[in-house]
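Colleague: I've got the model open on my bench screen and would like a quick tour. Can you take my questions one at a time?

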Amino acid sequence: MIYGMRAVTLTRFGGPDVLQVRQVPDPPPPGPGQVLVQVRAAGVNPLDAALRAGRLAPLLGRRFPMIPGNDAAGTVIAVGGDVTGIEVGQHVHGMFDAAPKPARHGFALPGTYADLALTRASTLAAVPDRVDLVTAAAIPVAGLTAHQVLVRKARLGRGSSVLVIGASGGVGTFATQIAVALGADVTGVAGGPRTERVRALGARRVIDHHDVDVTGLAERFDLVYDVSARFSHRRLRHLVAPGGLAVANLGPPVATLSPALRHPERRFGRYGFAWVSPDGRDLAALDRLVAAGDVAPCVDDVLPLDDASVAHRRLEAGGAFGKLVLAVDGARSAADL
Ligand SMILES: NC(=O)c1ccc[n+]([C@@H]2O[C@H](COP(=O)([O-])OP(=O)(O)OC[C@H]3O[C@@H](n4cnc5c(N)ncnc54)[C@H](OP(=O)(O)O)[C@@H]3O)[C@@H](O)[C@H]2O)c1
């Protein structure tokens with residue numbers, strides 16, 4: 001057991017510079033249903049930036065110091081009671097959440113920008129063979145979001161037409177590839193030089209949002225997935241084919257109050273919101289697509305844990321193709337792990 005770990009912490013909300021590496025106490029030993037993981041890599045998500053900036057304070061409180069980070073890949077070093085199927089020494093990844101069960105509002109108390117992190121066993125999946133830990137850390141939040149929207153919410157089938165707005169980012173690079181793997185006909189929307197890379201992910205057509213106002217397209221799609229969360233449903237609904245669905249990556253704040261409000265499509269059809277859930281079984285299903293070579297996680301860059309503030313600045317400036325990942329333990333590239 002390691003006593004005292006390195007972690008990126010914040011002692012107040014603010015811009016990227018509030019992220020500082022400090023020595024902090026280890027997490028407690030895993031309780032029932034929990035697993036303690038030695039983190040080797042942590043994915044960086046807009047969700048982490050929202051926590052850092054204080055936008056989640058109404059839901060998660062302000063108990064400082066806080067350790068940000070929802071995604072991690074690493075090695076299991078201890079398992080609590082009632083945990084089956086996960087063993088010490090195994091390589092795992094997941095969207096971490098140590099709470100005994102998911103919070104009603106859906107947000108987890110995070111903490112993966114650290115040497116060690118605790119999570120509920122049910123959030124974890126085994127890292128597939130031949131997938132390195134940096135790549136594995138890039139998958140959970142972004143990959144689960146895309147997979148849950150396309151498979152669970154939209155029940156996408158072969159031959160469906162899909163418009164992915166924001167196809168070049170963390171979620172969008174997964175959404176594009178998963179939709180293609182499911183046999184859909186994908187039109188991706190991205191900006192500038194990233195358009196060609198979206199085509200390489202399998203999109204049949206790519207639209208540059210610098211040149212074309214996507215809300216003015218004449219076509220109709222079975223699924224309009226606004227990953228970028230920049231467009232209101234009102235501006236997108238005419239792009240949805242009869243019987244189709246529009247999904248936005250951000251719902252209204254009121255949707256945090258009740259799971260029912262997050263699924264308006266169940267009642268009204270035609271539109272809904274993404275609400276990622278830290279589900280290890282869904283992650284394992286996505287991992288099978290990764291292992292089969294149908295989905296290749298896109299890691300734009302790997303930065304050391306000390307550069308978490310640099311990573312957040314780059315995330316918020318935009319322009320990464322896929323994911324930024326923090327390497328814990330000095331590893332600098334996917335090949336190192
Ligand atoms: N509700 C949930 O469960 C959930 C889960 C995960 C993420 N999210 C949210 O979803 C959003 C995207 O997450 P991410 O991880 O994919 O972020 P990201 O990696 O920063 O990607 C942002 C994407 O938006 C695109 N974009 C920017 N401006 C655009 C415009 N004017 N028109 C069309 N596309 C535009 C970018 O394309 P270019 O760079 O090519 O311009 C890029 O593809 C964030 O707001 C995040 O908080 C929600």
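Modeller: Sure, and a definition comes first: two strands pair if DSSP finds at least two bridges between them. Strands (E, at least two residues) and helices (H or I, at least four) are DSSP runs, numbered from the N terminus. This is a predicted model, where local features need pLDDT of at least 70 and side-chain atom pairs count only at pLDDT 80 or more, while totals for chains, interfaces and linings use all residues. Residues are numbered from 1 along each chain as its sequence is written, and side-chain values use heavy atoms, with hydrogens and water left out.

Colleague: Which residue in S9 stands opposite leucine 163?

Modeller: Strand S8 covers residues 161-165 and strand S9 covers 185-190. The two pair in the parallel sense over five bridges. Opposite leucine 163 in S9 stands threonine 187.

Colleague: Which strands are at the edges of that open sheet?

Modeller: Six strands make up the open sheet, with parallel pairing, and their order is S10-S9-S8-S11-S12-S13. An edge strand pairs on one side only, and that picks out strand S10 (205-208) and strand S13 (271-273).

Colleague: What angle does the direction of helix H4 make with that of S11?

Modeller: Axes here are lines fitted to C-alpha atoms, for helices over the stretch in contact, and angles run from 0 to 180 degrees between N-to-C directions. Contact means heavy atoms within 4.5 Å. Helix H4 (residues 140-153) packs on the sheet and touches strand S11 (221-226), strand S12 (240-248) and S13. Its direction and that of S11 make about 155°.

Colleague: What kind of aromatic pair do phenylalanine 13 and phenylalanine 64 form?

Modeller: Rings of Phe, Tyr and Trp (its six-membered ring) pair if their centres lie within 6.5 Å; planes under 30 degrees apart count as stacked, over 60 as edge-to-face and the rest as tilted. Phenylalanine 13 is in the loop between strand S1 (5-9) and strand S2 (20-24), and phenylalanine 64 is in the loop between helix H2 (57-60) and strand S4 (71-79), 51 residues apart. Their ring centres are 4.9 Å apart with the planes at 70°, so the pair is edge-to-face.

Colleague: Is phenylalanine 13 buried or exposed?

Modeller: Buried means under 20% relative accessible area, exposed over 50%, and partly exposed in between (1.4 Å probe, protein chains only). Its partner phenylalanine 64 has 33% relative accessibility, so that one counts as partly exposed. Phenylalanine 13 has 17%, so the verdict is buried.

Colleague: What is the omega of the peptide bond from phenylalanine 64 to proline 65?

Modeller: Proline 65 sits in the loop between H2 and S4. The peptide bond leading from phenylalanine 64 to proline 65 is cis, with omega near -5°.

Colleague: Why is S4 described as largely enclosed by the rest of the structure?

Modeller: S4 pairs in the antiparallel sense with strand S3 (residues 34-44) over six bridges, and five bridges join S4 to S5, also antiparallel. S4 counts as largely enclosed because its buried residues number seven of the nine.

Colleague: Which residue of S5 is the bridge partner of threonine 75?

Modeller: S4 and S5 run antiparallel. Over on S3, valine 35 stands opposite valine 79 in S4. For threonine 75, the bridge partner in S5 is histidine 91.

Colleague: What is the relative accessible area of glutamine 177?

Modeller: Glutamine 177 lies in helix H5 (residues 170-181). Leaving aside neighbours within four places in sequence, glutamine 177 is in contact with Leu201, Asp294, Val295, Ala296 and Cys298. Glutamine 177 is buried, with a relative accessible area of 6%.

Colleague: How far is a polar backbone atom of asparagine 249 from a nitrogen atom of the ligand?

Modeller: A residue is near a molecule if one of its heavy atoms lies within 4 Å of it. Of the 20 residues around the ligand, those that come nearest are Ser168, Gly191, His209, Asn249 and Val276. A polar side-chain atom of serine 168 is 2.6 Å from an oxygen atom of the ligand, and a polar backbone atom of glycine 191 lies 2.8 Å from a ligand oxygen atom. For asparagine 249, the distance from a polar backbone atom to a nitrogen atom of the ligand is 2.5 Å.

Key. A polar contact is a pair of N or O atoms within 3.5 Å; within protein, one must be able to donate a hydrogen and the other to accept it, and residues adjacent in sequence count only if both atoms are side-chain atoms.
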